[in-house]
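Dear colleague,

I am passing on the structure below, and after it you will find my notes on a few places that I looked at. Please read them with the coordinates open.

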Number of protein chains: 2
Amino acid sequence: MSDLLPVLRVLGALLAMFALTLGVPLVASLVAREGLWPHYALAMAVTLGVAAILWWGLAEHQRELLPRHGILLVSLVWLATPFFAALPLLMVMQAIGRPMSFTHAYFEAVSGLTTTGSTVLAQLDALPLSVNMWRTFMQWIGGMGILILAVAILPLLGLGGSQLFKAEAAGPVKDTKLTPRMTETAKGLWGVYVAFSLACALAYWLAGMAPADAIMHMFSTVSLGGLSSHDASFGFFASPLLETIAFVFMLAASCNFALYFIALRKGSWRSLWHDPEMRATLAALLGGGLVVALLLWAKGMYAPLEALRLGMFHVVSVATTTGYATTDYLAWPVFAPVFMLLLSGVATSAGSTGGGIKMVRMLILLKQARREMTRAVHPRAVQPLRLGNRVVESPMVFSVLAFMLMYGATVITLSMVLLLTDLDMVTAFSAVLASVHCTGPGLGLLGPSSNYAVLTDFQLWVCTLAMLLGRLEILSFMALLTPAFWRR
Amino acid sequence: MSDLLPVLRVLGALLAMFALTLGVPLVASLVAREGLWPHYALAMAVTLGVAAILWWGLAEHQRELLPRHGILLVSLVWLATPFFAALPLLMVMQAIGRPMSFTHAYFEAVSGLTTTGSTVLAQLDALPLSVNMWRTFMQWIGGMGILILAVAILPLLGLGGSQLFKAEAAGPVKDTKLTPRMTETAKGLWGVYVAFSLACALAYWLAGMAPADAIMHMFSTVSLGGLSSHDASFGFFASPLLETIAFVFMLAASCNFALYFIALRKGSWRSLWHDPEMRATLAALLGGGLVVALLLWAKGMYAPLEALRLGMFHVVSVATTTGYATTDYLAWPVFAPVFMLLLSGVATSAGSTGGGIKMVRMLILLKQARREMTRAVHPRAVQPLRLGNRVVESPMVFSVLAFMLMYGATVITLSMVLLLTDLDMVTAFSAVLASVHCTGPGLGLLGPSSNYAVLTDFQLWVCTLAMLLGRLEILSFMALLTPAFWRR
Ligand SMILES: [K+]
Ligand SMILES: [K+]
């Protein structure tokens, strides 16, 4: 147990970094002259205070972190930051006479940081600018955090499909230290993410959004978060041009950011089109959009062009795990919303800001299934499993298998817990899927026009757990529960 | 292509054997003096005629069967026998003035032979004895067929978890010929099944069922089929004693019949309790029953003993994939029916007459997930995957992985097809699960008190496909779709 104290010390350092991000809503509050900035300053001070206590109080426990430390650290970061992110929400909402419970504030913070984008707040248009700025900025931080996590931390732990993420590494990295190459990659990803963000905000602004809206919707677009400052979500703008811009940036953010980084460094974009995961992701998103557009047209709900606009935008929005909406798509034929929600489980790449199972795992599973079928016909045939021009070794396939089981077990267990609270089946299963995939809007009571505030506190905590498990890709969290973890 | 003709010849031989089983409803019809026996005789003659044409018409194509032939044979048998089994249903129902469509008759036959036990027929109590005898006897044949299939055919093909079924074999059998040991095992299983059947019918009769009812319900109990000659299903008898007898035989039939056979031959029953799959199956069934009983009692729906009786009976009935009901459990808290339906996916053993994923696959998956979590913490730890005192090799784990993917893809694809017909989500997904698991009753419109006749013809064909895929354990069917199969 005591050898886990160094982890708390590093947590302190990360919390100090996190405290600085509160500067963004603080500045927004000052610019908008809301008079709410002291709340952000106080929240920042509290966070820095706790960080200082952890850092200096545990100074004697400085040590190099082992893989098991990394697992604990990642879990603690994701449990602790929403707590400190919830502080300013609690204080500001109290100050403006719309007090929130701790459950609601923590839920909103987890929803933000995990880039899920579910909300328990209503009347978003009437909220102070700084609150909406903080909600959407949390998503941007979360999206970045996932990139860094994917490249720098998870591979160290040998977890899940994330090894495959290192598109240029020759094989799984055995070293448990942060290598110079990884630091460089993380910096490169950071650069790509920032460049994407600038381009997105600029495009939104040039296409007609107010500057603040452009920044906030940029935050929730490139992170595939989906929060909006408007109750009508993206429908507020009623602009095909803005929808097209969102469409393009959502598509781009659903692919592996490392591919862009490598392409930029090599100065060649050709390798992008050879990446099997990217091709599959884009094919699933665009193909899915076409299917729904055809369905909407065939059922006579819209004229052809309108069907294409609505089908494409909503499939890409939901399936990339963003969750913007311009209409209540639960009124569509039942196939469409279910299809979109299920697609959100698979139609993003590893190393993107999206959630869910990730396309690379599905590709490995599909190839494995195909190999098994061939083996049933020709028992003596032995083929390696290839993805692109790389061979996928057995440990990777095993790891994907374990992930899928944990994913299935998580979805079913949490849904059954919600059923125990007598929530209806459609709402229960869709709430868990939309949370585990970090998508946001579900089905039943939780469609794009409704709000997670209809759930009880207990039900919200189940969804909060689902969002955290989904963002942590489950395994790293579950590893904490094994006896092996707590043995030295 | 032409090298597949020998398969059709063997199909002829199997159809001839199947034709003889029509003797049972024929005799029942004679005994009950219904005057319907000529229809059964005619159906038998037609089946024998087709069998003769295949056998003698293809006499020059006699050849030893290869694994790929076996896959095709199994699929053809499961497509062709329901066709001939539907013939007497069509003729007799026409004769009594309640004509059925071919879709309904084929659905009913597939539901019978796959031991699913869904029905499109209403007013069961008013049907001729011979019809109910044929419906339930089809289940008994199907249950037997699954045992023989599991032991004698599937292992030859190296398919799925069925290799594990050979509890006493040292390792997967590489030989593609039917070995003497396999014939012996198949005979042994046949013996155990018949002995179980006699004991069950005798127990039902002694406990108060009319002789015909005792025989018919024995047919659908030991096969875990669940069809009944009464609209009220098992609730018709309103007898705790009969429910207890059904409970015991359903539990027994949900375990691996090979274990009984081995125990009998060795004269020792101790090995039974050491089988990890049997222990897990019984624990899931009894534990699940207890959970539902507690829920029914806690929600104040029934007195404690009544809650225990109803909870235990229905969980075991649904989760063993039988599907008898004594009450409309859709009126229970929503957790209970969903839990029972999901449990039916896992709570039967390989080598039992039940359907679903089979417990042994779940055990392998769980152990694999646990191994992965340990590996995340201690990357250098390498442990073999053990089940009982046997080591599960990688190819087996891969095979389970492929099965799970195909299972998931089948459930989702067929459910989505049903959603395209605008069926509601709960009915669509539960219909597919109840069909793929060969359980029978679903949720929504398809509860234990309702009837699959509410579905359209197209929806029934989707369910028919789901039942066939579930019974064939999907992979063997899917293998037919690979290019490798059709290449020499
Ligand atoms: K989202
Ligand atoms: K059944």
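In this predicted model, helix α11 of chain A, which runs over residues 257–266, is mostly covered, with seven of its ten residues buried. Those buried residues are F257(A), A258(A), L259(A), Y260(A), F261(A), I262(A) and A263(A). At the N-terminal end, α11(A) is capped by N256(A), which places a side-chain oxygen 2.9 Å from the backbone nitrogen of A258(A), itself one of the buried residues of the helix. After the helix comes G267(A), and the phi of this glycine is positive, near 70 degrees.

A second place in chain A is G356(A), which sits in the loop between α15 (335–343) and α16 (359–377). G356(A) has a relative accessible area of 7%, and because buried means under 20%, this loop residue counts as buried. Leaving aside residues up to four places away in sequence, G356(A) touches S344(A), G345(A), V436(A), H437(A) and E473(A). Of these contacts, E473(A) is 117 residues from G356(A) in sequence, yet the two are 8.0 Å apart in space when taken from C-alpha to C-alpha.

Finally, a word on the cysteines. Searching the whole structure gives zero disulfides over all chains. Two cysteines may be worth finding in the viewer: C438(A) counts as buried because its relative accessibility is 0%, and C255(B) is likewise buried, at 0% relative accessibility.

With best wishes

How values were computed: Residues numbered from 1 in each chain as written. Chains lettered and ligands numbered in written order. Predicted model: local features only at pLDDT ≥ 70, side-chain atom pairs only at ≥ 80, totals over all residues. Heavy atoms only, no water. Buried < 20%, exposed > 50% of the residue type's maximum accessible area, 1.4 Å probe, protein only. Helix = DSSP H or I, 4+ residues; strand = E, 2+ residues; numbered from the N terminus. Polar contact = N/O pair within 3.5 Å; in protein donor to acceptor, adjacent residues only side chain to side chain. Disulfide = S-S within 2.5 Å. Contact = heavy atoms within 4.5 Å.
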